[in-house]
Amino acid sequence: MAQEHGAPYSYIPPQMYNNAKGGIVGWGTTCGTLISAIGFIGLFVPLEEQGPIVNELMAWYQQASFPYYKPSDLEFKQTVANSTLCHVSVTTFLNENNVKVNSDEKIERCGGVSADVAKYTIELLNAHFSNKFKAVHSPQGTDDCVSCHSTDIQGKDNCVTCHGEKDDIHDF
Ligand code: HEC
Ligand code: HEC
């Protein structure tokens, strides 16, 4: 983009999103791949049209069986995070594969997730600019909960991943 179209793309320093790694320098908050991706959605898409595209990306991430992209023959299971948080996403992968956070499997997995999220984001942007964007994912594990709690909390991520099922929390 920078080479073909110049500014503003030529002004974007590649290190701008380096801090996103590990869910913001290892804090395990929002998956860093999403932080970079929504930055680019914000760069290209008009303000009022960004929300539905970002919602689609977040909901897709929550349910994706990562990583789809595996460049080597390292063996490991793909896992679904049911969350957009780095902590939940990575730890689910570590537990299901019985590996540590500094393992080659984890490093390759997160590299693969970066490629997956970049690819899906480009697909969403291309769909948007050819007027073909259609949301196909919606947040999971929230419907029942927000029917009662919509004004008590802020959030769209899977409630059940953190709180457990309704019957585990309530007496009714
Ligand atoms: C039918 C309405 C209803 C639904 C559906 C519902 N809740 Fe609740 N929830 C309540 C009420 C009422 C309380 C009690 C509020 C209070 O403690 O003052 C409550 C309390 C809670 C609390 C606080 C518990 C505590 O110990 O303080 C959490 C957390 C919670 N709900 C999460 C959820 C989640 C997650 C879901 C979906 C899996 C859910 N709720 C679905 C009505 C609902
Ligand atoms: C990343 C984990 C996480 C997710 C996802 C999450 N919560 Fe929570 N939630 C918490 C924590 C931590 C607290 C504060 C401690 C507590 O009350 O359990 C909390 C508190 C609450 C409370 C109690 C508020 C109060 O007044 O005491 C409710 C109700 C609640 N969450 C509902 C939800 C609903 C509904 C969703 C889904 C839309 C959701 N949560 C998603 C972690 C989470």
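## Exercises on a predicted two-domain chain with two ligands

In the shell around ligand 2, helix α7 gives the most, with 4 residues; helices here are DSSP runs of H or I with at least four residues, strands are runs of E with at least two, and both are numbered from the N terminus. This is a predicted model, in which local features need pLDDT of at least 70 and side-chain atom pairs count only at pLDDT 80 or more, while totals for chains, interfaces and linings use all residues. Residues are numbered from 1 along each chain as its sequence is written, and chains are lettered from A and ligands numbered from 1 in the order in which they are written.

**Exercise 1.** Describe the overall build of the chain and its division into domains.

Solution. Begin with the elements: the chain has 8 helices and 2 strands, arranged along the sequence as α-α-α-β-β-α-α-α-α-α. Next, take the extent, for which the C-alpha atoms fill a box of roughly 60 × 40 × 25 Å along the principal axes. Then divide the chain into domain 1 (2-138) and domain 2 (139-172), with bounds that come from an automatic or database domain assignment. The C-alpha centres of the two domains lie 25 Å apart. The contact between them takes 8 residues from domain 1 and 6 residues from domain 2, where two residues are in contact if their C-beta atoms, placed from the backbone, lie within 7 Å. On the side of domain 1 that touches domain 2, helix α3 (residues 47-63) supplies the largest share, 3 residues.

**Exercise 2.** Work out which elements build the largest nonpolar core, and where L34 sits in its contacts.

Solution. First fix the terms: a residue is buried if 20 or more other C-beta atoms lie within 10 Å of its own, exposed if 12 or fewer, and partly exposed in between, with C-beta atoms placed from the backbone; a nonpolar core is a set of buried Ala, Val, Leu, Ile, Met, Phe, Trp, Tyr and Cys residues joined through C-beta atoms within 7 Å. The largest such core holds 19 residues, of which C31, L34, L57, Y61 and V117 touch the most other members. Two or more residues come from each of α2, α3, α4 and α5, and α3 gives the most, with 5 residues. Finally, leaving aside neighbours within four places in sequence, L34 is in contact with L57, M58, Y61, T84 and V117.

**Exercise 3.** Compare the expected and actual span of helix α5, and list what is buried in it.

Solution. The expected span is 1.5 Å times one less than the number of residues, so the 26 residues of α5 (residues 104-129) should span 38 Å, and the end C-alpha atoms are indeed 38 Å apart. Within α5, the residues R109, C110, G112, V113, V117, T121 and L124 are buried, and their cover includes α2 (32-44), α3, β1 (65-66) and α4 (86-97). After α5 comes N131, with a positive phi near 55°.

**Exercise 4.** Set out the surroundings of ligand 1 and ligand 2.

Solution. A residue is near a ligand if its C-beta atom, placed from the backbone, lies within 6 Å of it. Around ligand 1 are D144, C145, S147, C148, H149, C159, V160, H163, E165, K166, I169 and H170, and two or more of these residues come from each of α6 (143-149), α7 (159-163) and α8 (166-169). The largest share, 5 residues, belongs to α6. Around ligand 2 there are 14 residues, the closest being C145, H149, D157, C159 and C162, and α6 and α7 each supply at least two residues of that shell.
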